[in-house]
Amino acid sequence: MSFASIYPLYVKKVERKGRTREELDRVITWLTGYDEQGLRRAIDAEVDLATFFAQAPAMNPNASLITGVVCGVRVEEIEDPLMQKIRYLDKLVDEVARGKKMTSILRGEPAPAG
């Protein structure tokens, strides 16, 4: 499955709850290390999820602080590294959609100004 096919679903989910694409992109870049241009290139190239995460510049070292349940499974207990990264992202998107504060979503890191 391509990241480009999932990204619009993430956008719809957060916008439906009154959040923005910019907030979504912020959590994706926080998790993966992609910058805005890199994120756009991955979407335009329609890379699959495995490639998206394999080419991620730097998974955030605080990703392991992401805990909770997605689709009935605790993300911190997922053994497959790729599936865990996918579920980390799902969890962050859920938190954005639920209106959680950005500093909490980013595990204590302040959101950039602007």
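**Core, rings and salt bridges in a predicted model**

Among the 36 residues of the largest nonpolar core, F3, L24, L31 and F52 touch the most other members. Two or more residues of this core come from each of helix 1, helix 2, helix 3, helix 4, helix 5 and helix 6. The model described here is predicted. A general tendency helps in reading such a core: in soluble globular proteins, nonpolar side chains tend to be buried together.

F52 makes a good starting point for a tour. Leaving aside residues up to four places away in sequence, F52 touches F3, I28, T32, Y34, L39, A42 and V47. One of these contacts, Y34, also takes part in the aromatic pairs, of which the structure holds 4. The ring centres of Y34 and F52 lie 4.7 Å apart and the ring planes meet at 20°; because planes under 30 degrees apart count as stacked, this pair is a stacked one. The two partners come from distant parts of the chain, 18 residues apart: Y34 sits in the loop between helix 2 (21-32) and helix 3 (36-44), while F52 belongs to helix 4 (residues 49-54). Y34 and F52 are both buried. F52 also pairs with F53, this time edge-to-face, with 5.2 Å from centre to centre and 80° between the planes. Both of these phenylalanines, F52 and F53, are buried. Taken together, ring pairs join F3, Y7, Y34, F52 and F53 into a cluster.

Helix 5 comes next. Spanning residues 81-97, helix 5 has 17 residues and reaches 24 Å from its first C-alpha to its last, close to the 24 Å expected at 1.5 Å a residue. At its start, a side-chain oxygen of D80 comes to within 3.3 Å of the backbone nitrogen of L82. Just after the helix, G99 adopts a positive phi of about 85°. The buried residues of helix 5 are Q84, I86, Y88, L89, D90, K91, L92, V93, E95, V96 and A97, a list that includes charged residues such as D90, K91 and E95. These buried residues pack against helix 1 (3-16), helix 2, helix 4, strand 1 (69-70) and helix 6 (102-105).

Charged side chains supply another set of links, and a search of the whole structure finds 8 salt bridges. One of them brings together the side chains of K13 and D94, at 2.3 Å from N to O. K13 lies in helix 1 and D94 in helix 5, so this salt bridge ties together parts that are 81 residues apart in sequence. K13 counts as partly exposed because its relative accessibility is 28%, and buried means under 20%.

Another salt bridge joins E23 and R19, whose closest N and O atoms are 3.0 Å apart. The two partners fall on either side of the 20% cut-off for burial: E23 is partly exposed at 22% relative accessibility, whereas R19 is buried at 13%.

The side chains of R40 and D25 also meet in a salt bridge, at 2.5 Å from N to O. Here too distant parts of the chain are linked, with R40 in helix 3 and D25 in helix 2, 15 residues apart. R40 is partly exposed, with a relative accessible area of 29%, whereas D25 is buried at 3% relative accessibility. Salt bridges with shared partners connect D25, E36 and R40 into one network.

Terms used:
Residues numbered from 1 in each chain as written. Predicted model: local features only at pLDDT ≥ 70, side-chain atom pairs only at ≥ 80, totals over all residues. Heavy atoms only, no water. Phe/Tyr/Trp six-rings, centres within 6.5 Å; stacked < 30°, edge-to-face > 60°. Helix = DSSP H or I, 4+ residues; strand = E, 2+ residues; numbered from the N terminus. Buried < 20%, exposed > 50% of the residue type's maximum accessible area, 1.4 Å probe, protein only. Expected span 1.5 Å × (residues − 1). Contact = heavy atoms within 4.5 Å. Polar contact = N/O pair within 3.5 Å; in protein donor to acceptor, adjacent residues only side chain to side chain. Core = buried A, V, L, I, M, F, W, Y, C linked by side-chain atoms within 4.5 Å. Salt bridge = Lys/Arg side-chain N within 4 Å of Asp/Glu carboxyl O.
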